[in-house]
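Trainee: Hi! I have a new structure open and would like a walk through it. Can you help me find my way around?

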Amino acid sequence: MTFKRTNPLALAVLALLSERPMHPYEMAQTMRERHQEEVVKLNYGSLYTVVESLRKHELIAASAVQKAGNRPERTVYSVTDAGTVELRDWLRSLIAEPAREYPRFEAGISMVGLLPPDEALDVVRRREAAVAEQLTALAVLLEKLAGMGLPQLAWIELDYRMAVLRAERAWLSWFATATAEGTVGGFDDWEDRHR
């Protein structure tokens, strides 16, 4: 049975367990401390499902059971040799091979001409403001992480996210200006369609 590389949470679990054995609750806490929920959707139900799938595929194995006070027992998992191979191969593939993703924004902006130009301008400016807020929040977070003494490599995905958001903000600014000035290609036809 081949493991399907469809869930980034599975990749995150393999990565965490390559550092040290952990139980699922500790995995979730570590992901939250590192702000990985910014790039990997995290909820406990999915986490336990992913852990079970990785265990069935023999990519991780139960290595211990912890009992503390009256808390329920917690199974500690560790990555197997096969899991380490899978992790590294999956990472190589994700980083080296561009894949077509289907972001919601691209779907919406591809049909922006269906909105009247003034409405399109309004929603684009609202998005531009929201992206600016995200950039500000991310800058604060990056400063905090750097201040904690963490090396850039520990939060490199957030650095990448910052670059993507800057590029998006620049594009949104261009589109808003071109729409407001009527210089975006096809503007006259766009405007005529909505009169």
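**A walk through the model**

Mentor: Happy to! Let's start with one residue, F175: its relative accessibility is 6%, so F175 counts as buried. Keep in mind that this is a predicted model.

Trainee: Okay, and what about the ring pair of W174 and F175, how are those planes set?

Mentor: The ring centres of W174 and F175 are 6.0 Å apart and the planes meet at 50°, so the pair counts as tilted. W174 itself is partly exposed, because its relative accessibility is 45%.

Trainee: Which residues form one aromatic cluster?

Mentor: F105, W171, W174, F175, F187 and W190 make up that cluster.

Trainee: Let's look at helix α7 then. How does its span compare with what 1.5 Å a residue would give?

Mentor: It agrees. Helix α7 covers residues 156-181, which is 26 residues, so at 1.5 Å a residue the span should be 38 Å, and the end C-alpha atoms are indeed 38 Å apart.

Trainee: Which residues of α7 are buried?

Mentor: The buried ones are L158, M162, L165, E168, L172, F175, A176, A178 and T179. As a general point, an α-helix has 3.6 residues a turn, so residues three or four places apart point the same way.

Trainee: And what covers the buried residues of α7?

Mentor: The cover includes α5 (104-109), α6 (117-147) and α8 (187-193).

Trainee: What happens just after α7?

Mentor: There you find G182, with a positive phi of about 75°.

Trainee: Let me zoom out. How many helices and strands does the chain have?

Mentor: There are 8 helices and 2 strands. Starting at the N terminus, the order is α-α-α-β-β-α-α-α-α-α.

Trainee: What is the radius of gyration of the chain, set against a compact globule?

Mentor: The chain has 22 Å, whereas a compact globule of 195 residues would come out near 16 Å. The C-alpha trace spans about 70 × 45 × 35 Å along its principal axes.

Trainee: How much of the chain is buried?

Mentor: Buried residues account for 31% of the 195 residues. As for the accessible surface, that comes to about 12,700 Å², and 53% of it belongs to carbon and sulfur atoms.

Trainee: What about contacts between residues at least 6 apart in sequence, what share joins residues at least 24 apart?

Mentor: That share is 60%.

Trainee: Now the inside. Which residues of the largest nonpolar core touch the most other members?

Mentor: Those are V13, L14, L17, M27 and L54, out of 25 residues in that core. At least two core residues come from each of α1 (8-19), α2 (24-33), α3 (44-56), β2 (74-79) and α4 (81-96). The most come from α1, which gives 8 residues.

Trainee: Let me click on V13. What is V13 in contact with, leaving aside its neighbours within four places in sequence?

Mentor: V13 is in contact with M27, L47, V50, V51 and L54. Apart from this core there is another one, with 21 residues, including L121, L141, L142 and F175. So you meet F175 again there, and F175 is also one of the buried residues of α7.

Trainee: Back to aromatics. How many aromatic pairs does the structure hold?

Mentor: It holds 8 aromatic pairs. In one of them, Y25 and Y44 have ring centres 6.1 Å apart and planes at 10°, so this pair is stacked. Y25 sits in helix α2 and Y44 in helix α3, so the pair ties together parts 19 residues apart in sequence.

Trainee: Are Y25 and Y44 buried or partly exposed?

Mentor: Y25 is partly exposed at 37% relative accessibility, and Y44 is partly exposed too, with a relative accessible area of 31%.

Trainee: New topic, loops. Where is P21, and what does P21 touch?

Mentor: P21 is in the loop between α1 and α2. Not counting residues up to four places away in sequence, P21 touches E26, S63, V76, Y77 and S78. The C-alpha atoms of P21 and V79 are separated by 7.4 Å, although these residues are 58 residues apart along the chain.

Trainee: And what about H35 and its phi?

Mentor: H35 is not a glycine, yet has a positive phi of about 60°. H35 lies in the loop between α2 and α3, and at 17% relative accessibility H35 counts as buried.

Trainee: What about E58, buried or exposed?

Mentor: E58 counts as exposed, at 59% relative accessibility. The loop between α3 and β1 (60-66) holds E58, and its phi is positive, near 60°.

Definitions and conventions:
Residues are numbered from 1 along each chain as its sequence is written. This is a predicted model: local features need pLDDT of at least 70, side-chain atom pairs count only at pLDDT 80 or more; totals for chains, interfaces and linings use all residues. Side-chain values use heavy atoms; hydrogens and water are left out. Helices (H or I, at least four residues) and strands (E, at least two) are DSSP runs, numbered from the N terminus. The expected span of a helix is 1.5 Å times one less than its number of residues. Buried means under 20% relative accessible area, exposed over 50%, partly exposed in between (1.4 Å probe, protein chains only). Contact means heavy atoms within 4.5 Å. A nonpolar core is a set of buried Ala, Val, Leu, Ile, Met, Phe, Trp, Tyr and Cys residues joined through side-chain atoms within 4.5 Å. The radius of gyration is taken over C-alpha atoms; the globule rule is 2.2 Å times the number of residues to the power 0.38. Accessible areas come from the Shrake-Rupley method with a 1.4 Å probe; for residues, only the protein chains shown count as cover. Rings of Phe, Tyr and Trp (its six-membered ring) pair if their centres lie within 6.5 Å; planes under 30 degrees apart count as stacked, over 60 as edge-to-face and the rest as tilted.
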